[in-house]
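Q: Can you walk me through this one? I'd like to start with the ligands and then go on to the chains.

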Amino acid sequence: MTDLLQPRAIGQDLVRRDGEAKVRGTATYAYETPVEHPAFAHPVTATIARGRVTAMDTAAAEALDGVLAVLTPFNAERLASTEDAEYAVLQGQDVGFRGQLIGVVVAETSELAREVADGIAVRYDEQPHDSELSADRPDLYAPAQVNAGHETDTAEGDVAAAMASAEVTLERTYSTAMYHNNPLEPHATTGLWDPAGDGFLTLWDSTQGVHPDRAAVCQVFGLQQEQVRVVCPYVGGGFGSKGLPHANVMLTALAARAVPGRPVKLALTRQQMFFLAGYRTPTIQRMQLAADSRGRLSAIAIDVVEQTSRIKEFAEQTGVPTRMMYASPNRRTTHRLAALDVPIPSWMRAPGECPGMFGPEVAMDELAEELGIDPVELRVRNEPEVDPETGKPWSSRNLVRCLREGAERFGWSGRRAHRDGDWLVGTGVASSVYPTMRQATSTANVRFEDGRYVAEIGAADLGTGAWTILPQITADALGVDVADVDVRIGDTRYPTASVAGGSSGTNTWGSALVVAAREFRTKFGADPRDGDEASGDVDQAAQDDTHSPYAFGAQFVEARVNADTGEIRVPRLLGVFGVGRVINPRTARSQLIGGMTMGLSMALHETSAWDPRIGQVANHDLAEYHITVNADVGEIEAHWIDEHDPYVNAMGSKGIGEIGIVGTAAAVVNAVHAATGVRVRHLPVTLDKLLPALD
Amino acid sequence: MKPFAYARPGDVAEAVRDVAAEPNAVFLGGGTNLVDHLRLGVARPDLVVDVRTLTSREVTDLPGGGLRLGAASTNSQVAADPRVRERYPVLAQALLAGATGQLRNMATTAGNPLQRTRCVYFQDVTTPCNKREPGSGCSAVGGYTRYHAVLGTPAALPDPNAPETCIATHPSDMAVALAALDAQVQVLGPAGERTVPFPELHRLPGDDPSRDTVLEHGELITAIDLPALPAGTRSAYRKVRDRASYAFALVSVAAVVTPDGELRLALGGVAHKPWRATRAEEVLRGQQLTEDAVRAAVAAELAAAQPQPGIDSGNGFKIPLVARTVLATVRGLLPEEQS
Ligand SMILES: Cc1cc2nc3c(=O)[nH]c(=O)nc-3n(C[C@H](O)[C@H](O)[C@H](O)COP(=O)(O)OP(=O)(O)OC[C@H]3O[C@@H](n4cnc5c(N)ncnc54)[C@H](O)[C@@H]3O)c2cc1C
Ligand code: SF4
């Protein structure tokens, strides 16, 4: 049990502290950092998917007026560490995927850098490439572990035996597409290498964590932490793609070191983001369910096939939610990977849970239909008393309350599939889940300064609300008015903070702030003097290992399908979540409906159309890679239940950045099925998949 | 971006002379398509001649009830013009179904029909494309064909290496409406003025996919005329796309029904040009415009349609989709008792 804060500022609907600067356009993002006399860099990228660069003709480029440096694998400095193949930029001639970095041009203007970079003639020794994922590839392998350190495979009981003896069984294959995070702000960096003394590198980078960013750069360049500063006050979205630095950051640092004293700006183009900024692997999910006639599961299994890049492994933990979601004595989860000549996949909002709750939640709907049981009821009947995976009690699990409240608010019981003019109407439901995490390191300082309380921590605000809610937490921990608290974030000059990822930012940084604030009060009492300062580490905060902490939710969807054309509309999307204590309803709602919108996008629109002949995403820009636009979103509501969880942390918060995207796509598929009778098992749900069934 | 010279001459005649004199020169309208292509390296002109302030921005009445759209009138302006909305709803609807408010504020009457294909390989200079680089081949065959043609193409799987192969579609919505309306394109060229019937402005790839239209180098569109329609004519535009807004058509339909029951039909998203469905129109000529008759006429139009296989099952779905969309659109234009 932790000592929960008495909420005063917590729970208040405060406006974003950074809102005005953003609306006025005065908030500076990485690329626009005002610097003296900047130079501009543009990458050269490989146009083959596998092989070797044998020559690059750079002589003409180097001789051009205004060109400051042309770096290639043939002349770039050797890096201290090339262990991570993604970061080993320009360290070798091998090409592991199309679009990989093979050079950079630094010039006086961005136009010149780009024109010169695009004009460099490259000779290759091209080899046949292999970039097509399928579930029957003979070379699928089991990774040592999957993302976030989860086991690759788990098994309990005997799924095969349960399948053989159950009253009802279901075996289906589902798939999710390849997705690209595509934050509005591209991956961009301004870098300055000051060679004086031991040398000092400053990076104004768009990142989800200045400290992890710095650590990676130091490792790659063999620099001490004190030699590098990373600054990032604002991020124009990350969705995981800025959680770990990508190769563009290393390339900017290389370029900056090639022109000492000149700040260098490098932003990936939208097209380059489809090669270099991570993405979500496509997944193929074979599901098995066994149940009795009342819908009680006796087996649940998911066998996942997905891809990684041949040069660096990333294994999405897609099967993980199936391990704990429903009560079933027999369970199996497996992950198999194909290592292909493709860009390197990485984190994207709710890695694991987002794709991993698609197959299972559609399968549950299919089972409910087969059994003639209300899909809400089917889920309720499979509610586990303790975490099936660990045997631990839940810190709090309110899935049933979310389902019931959602059903009530949505009007679920009065639903009926029907036709309204030219539109076929149906409704669907699915569950959401996301683990409650807290990172192991983060430190905060609290200081009394000019009559105000100032907290410092190198946290990141991706547009999520950290600027606003960290003061709320600090204020309550100090027992002062939130207006008297300033929080400074986004700079490695502040104490170490963990990445904004895994919905853990608030839980982690907030915990450190609470420790620091309490320490401050213990040391200096209620009447501190100017300059009094205390610090706190997250690892000093109470930690509960005896409970299983998760957030849960339920999503309800109304879908309409045009009887003539198969066009799909979702006029209503409603989610109810149990996410612990909500620190700021305004920023929380925006995270939840943002996640749900992204889930709708996954359901109906997003797909990186992979062209295996050339080894790239064919629709690699935002005119052709569709994300949901305003006109696609009708009524969208996010609600939360009043949840009191004394085990997670001093704030009682569970993390809300990711759960909104989990389950939405399944709920949409289930609603479209109710409307049309067509079960779309392979995302996205597009009209061509419905047309054959419309008469 | 390759450096280029920019010119804003004194009048249209000078603009035409400037472009005609420089083989690698282009006109610039609102720039919403051309500037993208400059950035992507798809267009690499030496000279850009800005005609936006030289050509007319006006929408004026023509004797007899028609309208003249000046080349520089914007898509937003034309869509909002009360005369267009009243007499040519198909055009207003087509314009509003295109792009976004910001783009429509910039896009011009001349530039819109001259926008180039959205074929992803055309827009990516690292992949072969006969339209962008004649003779290099066609990457779209067997690739990402969702937005590609089903009509006016030679075979389901044309030879990707043949220099004449191109299965691209023309992406404009406005152009589909103009084709159905039998608009007339006013052109000023080095050899003087001429008028091109809109349905003949765009061409099929033939043996030269690099050419989208019949315009010769240096020919400038000065206006597009909308002929008068008989009183009581009804028209509509229906665009089917992958999301509710801000997406190019998978398939679109422009339909005009005159009071004596004549149907003029044009299709978008299906061919290298806005596709005037002349075969369907012929089948229907003299017939009562019933759903069954329309269904049969569309089937005749689509008899030669060729699905293009490719990523995510290709584009065969467009063939039934066209038929269904035409029917739904025409149904909405028929008097109650006929539908
Ligand atoms: C993201 C995005 C989405 C879009 N979605 C749609 C859509 O859904 N539907 C749709 O129809 N369109 C869509 N568009 C395209 C848009 O409608 C066109 O870009 C626009 O209409 C072009 O007009 P412009 O005046 O800007 O042309 P420009 O870009 O200036 O020119 C286009 C071409 O016309 C030539 N040209 C211009 N003026 C003349 C003239 N007077 N005489 C001869 N040649 C001339 C130029 O040389 C150039 O080749 C979209 C565009 C974007 C960027
Ligand atoms: S379809 Fe036409 S535009 Fe597209 S790649 Fe082929 S030739 Fe180029």
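**Ligand 1 and its surroundings**

A: Domain 1 (5-50) and domain 2 (55-334) of chain B both give residues to the shell around ligand 1, so ligand 1 lies between them. Keep in mind that this is a predicted model.

Q: Which residues come nearest to ligand 1?
A: The shell has 30 residues. Phe27(B), Gly31(B), Thr32(B), Thr108(B) and Asp173(B) come nearest.

Q: What does the side chain of Thr108(B) do there, in terms of distance to an oxygen atom of ligand 1?
A: An N or O atom of the Thr108(B) side chain is 2.6 Å from an oxygen atom of ligand 1. Asn112(B) also has a polar side-chain atom 3.4 Å from a ligand 1 oxygen. Ala247(B) uses its backbone: an N or O atom there lies 3.4 Å from an oxygen of the ligand.

Q: How much of ligand 1 does the protein bury?
A: The protein buries 93% of the 980 Å² that ligand 1 exposes when taken alone.

Q: Which elements give two or more residues to that shell?
A: In chain B they are strand S2 (25-28), helix H2 (34-40), helix H7 (111-114) and strand S8 (220-226). The largest share comes from H7(B), with 3 residues.

Q: And how do the shell residues divide into nonpolar, polar and charged?
A: For ligand 1, 14 are nonpolar, 12 polar and 4 charged.

Q: OK, ligand 2. Which residues come nearest there?
A: Four cysteines and an isoleucine: Cys119(B), Cys129(B), Cys138(B), Cys166(B) and Ile167(B). The shell of ligand 2 has 15 residues. Of these, 9 are nonpolar, 5 polar and 1 charged.

Q: Back to the two domains of chain B. How far apart are their centres?
A: The C-alpha centres of domain 1 and domain 2 of chain B lie 24 Å apart. Domain 1 of chain B puts 17 residues into the contact, and domain 2 of chain B puts in 19.

Q: What area is buried between them?
A: About 1,400 Å² between domain 1 and domain 2 of chain B. Carbon and sulfur atoms give 70% of that area.

Q: Switching to chain A. What domains does it have?
A: Chain A is divided into domain 1 (33-128 + 182-276), domain 2 (147-179 + 280-436 + 547-693) and domain 3 (442-496 + 514-540).

Q: Where do domain 1 and domain 3 of chain A stand relative to each other, centre to centre?
A: Their C-alpha centres are 35 Å apart. The contact takes 15 residues from domain 1 of chain A and 13 from domain 3 of chain A.

Q: What area is buried there, and which residues of domain 1 lose the most?
A: Domain 1 and domain 3 of chain A bury about 1,100 Å² between them, and carbon and sulfur atoms give 52% of it. On the domain 1 side, His211(A), Arg229(A) and Val235(A) lose the most area. Together they make up 45% of what that side buries.

Q: Now chain A against chain B. How many residues does the contact take from each?
A: It takes 38 residues from chain A and 38 from chain B. The buried area is about 3,000 Å², with 50% from carbon and sulfur atoms. In chain A, Glu115(A), Asp564(A) and His626(A) lose the most area to chain B, together 18% of what that side buries.

Q: Where is Glu58(B) placed?
A: Glu58(B) sits in the loop between strand S3 (47-50) and strand S4 (59-61) of chain B. Leaving out residues up to four places away in sequence, Glu58(B) touches Arg68(B), Leu69(B), Gly70(B), Ser73(B) and Gln77(B).

Q: How far is Glu58(B) from Cys138(B) in space?
A: 40 Å, C-alpha to C-alpha, with their positions 80 residues apart in sequence.

Q: Last topic: backbone geometry. Which peptide bond is cis?
A: The bond from Leu683(A) to Pro684(A) is cis, with omega near 0°. Pro684(A) lies in the loop between helix H15 (664-676) and helix H16 (687-690) of chain A.

Q: And what is phi of His37(A) near?
A: Phi of His37(A) is near 55°, a positive value in a residue other than glycine. Most residues other than glycine have a negative phi, and most peptide bonds are trans. His37(A) is in the loop between helix H1 (19-24) and strand S1 (39-45) of chain A.

How values were computed. Residues are numbered from 1 along each chain as its sequence is written. Chains are lettered from A and ligands numbered from 1 in the order in which they are written. Side-chain values use heavy atoms; hydrogens and water are left out. A residue is near a molecule or strand if one of its heavy atoms lies within 4 Å of it. A polar contact is a pair of N or O atoms within 3.5 Å; within protein, one must be able to donate a hydrogen and the other to accept it, and residues adjacent in sequence count only if both atoms are side-chain atoms. Accessible areas come from the Shrake-Rupley method with a 1.4 Å probe; for residues, only the protein chains shown count as cover. Helices (H or I, at least four residues) and strands (E, at least two) are DSSP runs, numbered from the N terminus. Ala, Val, Leu, Ile, Met, Phe, Trp, Tyr, Cys and Pro count as nonpolar, Asp, Glu, Lys and Arg as charged, and the others, Gly among them, as polar. Domain bounds come from an automatic or database domain assignment. Contact means heavy atoms within 4.5 Å. Buried area is the accessible area (1.4 Å probe) that two parts lose on being put together, summed over both.
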